[in-house]
Amino acid sequence: MSGHESDEDRRSREDLELRARLDRLSGALKEQNLDARERKAGANTDIPGAETGRALSLGFRVLSEFVAGVVVGFLIGWQLDVWLSTTPLFLILFLGLGTAAGFYNVYRIAARPMGPAKPKDKA
């Protein structure tokens, strides 16, 4: 055995090198998976402007619900006054009803729970 390795020694050394390389790659893969999970978890909560967008959407909905109630009440009252020649009577009446309907719609939107729905307890 003058300077030559036996086949068994060479295989043993190669196995050790492969195991060390596999351990390094496994560690790097676990680290990448952990980083990816952290980025994904952070991405769900750090969306810039998401909360502002939801607030603007809700604000425009509230505004449109209220204005629609008032406008519909006004138009119904005005048209009834034109048909029945009762100048401001139905206009004032239905304008008040439309305003009340608008406030009621805004109340229904505001009374709705804002957070995620919680499952009901089964007892």
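Where is E5 found? In this predicted model, E5 sits in the segment before α1, the helix that covers residues 7-45. E5 is partly exposed, because its relative accessibility is 45%. Leaving aside residues up to four places away in sequence, E5 touches R10 and R13.

The overall make-up of the chain comes next. Three helices are present, and the number of strands is zero. Read from the N terminus, the order of elements is α-α-α. The chain has 123 residues, of which 7% count as buried. The cut-off for that class is a relative accessible area under 20%. The exposed surface of the chain amounts to about 10,800 Å². Carbon and sulfur atoms supply 63% of that area. Contacts along the chain were also sorted by sequence separation. Among those between residues at least 6 apart in sequence, 50% join residues at least 24 apart.

The pairing of α2 with α3 was then examined. Helix α2 spans residues 50-84, and helix α3 spans residues 89-111. Their axes come within 7 Å of each other. The crossing angle is roughly 160°. Angles over 145 degrees count as roughly antiparallel, and α2 is therefore roughly antiparallel to α3. The crossing of α2 past α3 is right-handed. Sorted by class, the residues in the contact of α2 with α3 are 17 nonpolar, seven polar and three charged.

One residue of α2 is V72. Its relative accessibility is 45%, so V72 counts as partly exposed. V72 and L95 are 23 residues apart along the chain. The C-alpha atoms of V72 and L95 are separated by 8.1 Å.

The loop between α2 and α3 contains S85. The phi angle of S85 is near 55°. This is a positive value in a residue other than glycine. S85 has a relative accessibility of 62% and therefore counts as exposed. The cut-off for the exposed class is over 50%.

Taken together, the predicted model shows a chain of three helices with zero strands. Helices α2 and α3 cross at roughly 160°, with S85 in the loop between them. V72 lies in α2, and E5 lies in the segment before α1. Partly exposed is the class of V72, and partly exposed is also the class of E5. S85, in contrast, counts as exposed.

Notes: Residues numbered from 1 in each chain as written. Predicted model: local features only at pLDDT ≥ 70, side-chain atom pairs only at ≥ 80, totals over all residues. Heavy atoms only, no water. Helix = DSSP H or I, 4+ residues; strand = E, 2+ residues; numbered from the N terminus. Buried < 20%, exposed > 50% of the residue type's maximum accessible area, 1.4 Å probe, protein only. Contact = heavy atoms within 4.5 Å. Areas by Shrake-Rupley, 256 points an atom, 1.4 Å probe, with all protein chains shown as cover. Axes fitted to C-alpha atoms, helices over the stretch in contact; angles between N-to-C directions. Parallel < 35°, antiparallel > 145°, perpendicular 65-115°, else oblique. Left-handed = near helix turned anticlockwise from the far one by under 90°. Nonpolar A, V, L, I, M, F, W, Y, C, P; charged D, E, K, R; others polar.
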